[in-house]
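Please look over the sequence and the structure below before reading on, and keep both in view while you follow the paragraphs.

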Amino acid sequence: MKIEISIDKVKLEALKCYLPEETNVSELLQAVAESATSKELDKLYVRHVPKAVREFLTKKEESK
């Protein structure tokens, strides 16, 4: 799945000014976005997928 986000240009430029020069801003932002998205998807999964189904899927994955 591909997700696009919008970033305020002024804030992005300020961030680039204050991060170390060797920092790859695109890679950093991608890592931060992926981490945050993963955490939120885990919360949604736990909230909406019944516990019995989650346990079944976990056991199924472990038996591979």
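Lys64 counts as exposed, with a relative accessibility of 76%, where exposed means over 50% relative accessible area, buried means under 20%, and partly exposed lies in between (1.4 Å probe, protein chains only). Lys64 also forms a salt bridge with Glu61, and the closest N and O atoms of this pair are 3.8 Å apart. The term salt bridge is used here for a side-chain nitrogen of Lys or Arg within 4 Å of a carboxyl oxygen of Asp or Glu. Side chains of opposite charge can pair when their charged atoms come close.

Before going further, note that this is a predicted model, in which local features need pLDDT of at least 70 and side-chain atom pairs count only at pLDDT 80 or more, while totals for chains, interfaces and linings use all residues. Residues are numbered from 1 along each chain as its sequence is written, and side-chain values use heavy atoms, with hydrogens and water left out.

How many salt bridges does a search of the whole structure find? The search finds four, and one of them joins the side chains of Lys16 and Glu13, with 3.8 Å from N to O. These two residues are three apart in helix 1 (residues 9-18), which means that about one helical turn separates them. Both ends of this pair are partly exposed, Lys16 at 40% relative accessibility and Glu13 at 45%. Another salt bridge links Lys51 with Glu55, whose closest N and O atoms are 3.9 Å apart, and both residues lie in helix 3, four residues apart, or about one turn of the helix. Here Lys51 is exposed, with a relative accessible area of 54%, whereas Glu55 is partly exposed at 41%.

The chain as a whole has three helices and zero strands, and read along the sequence it follows the pattern α-α-α. Its radius of gyration is 18 Å, well over the 11 Å that the globule rule gives for 64 residues, so the chain is more spread out than a compact globule. That radius is taken over C-alpha atoms, and the globule rule is 2.2 Å times the number of residues to the power 0.38. The helices and strands themselves are DSSP runs numbered from the N terminus, with helices (H or I) having at least four residues and strands (E) at least two. Along the principal axes, the C-alpha atoms fill a box of roughly 50 × 25 × 20 Å, and of the 64 residues 3% count as buried.

Helix 2 has 24 residues and reaches 34 Å from its first C-alpha to its last, close to the 34 Å expected at 1.5 Å a residue, the expected span being 1.5 Å times one less than the number of residues. At the N-terminal end of helix 2, Asn24 acts as a cap, with a side-chain oxygen 3.1 Å from the backbone nitrogen of Ser26.

Which residues make the nonpolar surface patch of about 430 Å²? Tyr45, Val46, Val53, Phe56 and Leu57 make this patch, and the elements that give two or more residues to it are helix 2 (25-48) and helix 3 (51-62). Helix 3 supplies the largest share, three residues. Tyr45 lies in helix 2 and is partly exposed, with a relative accessible area of 32%. Such patches are made of residues with over 30% relative accessible area and no salt bridge, with like charges joined within 9 Å and nonpolar side chains (Val, Leu, Ile, Met, Phe, Trp, Tyr) within 5 Å.

Methods:
Areas by Shrake-Rupley, 256 points an atom, 1.4 Å probe, with all protein chains shown as cover. Polar contact = N/O pair within 3.5 Å; in protein donor to acceptor, adjacent residues only side chain to side chain.
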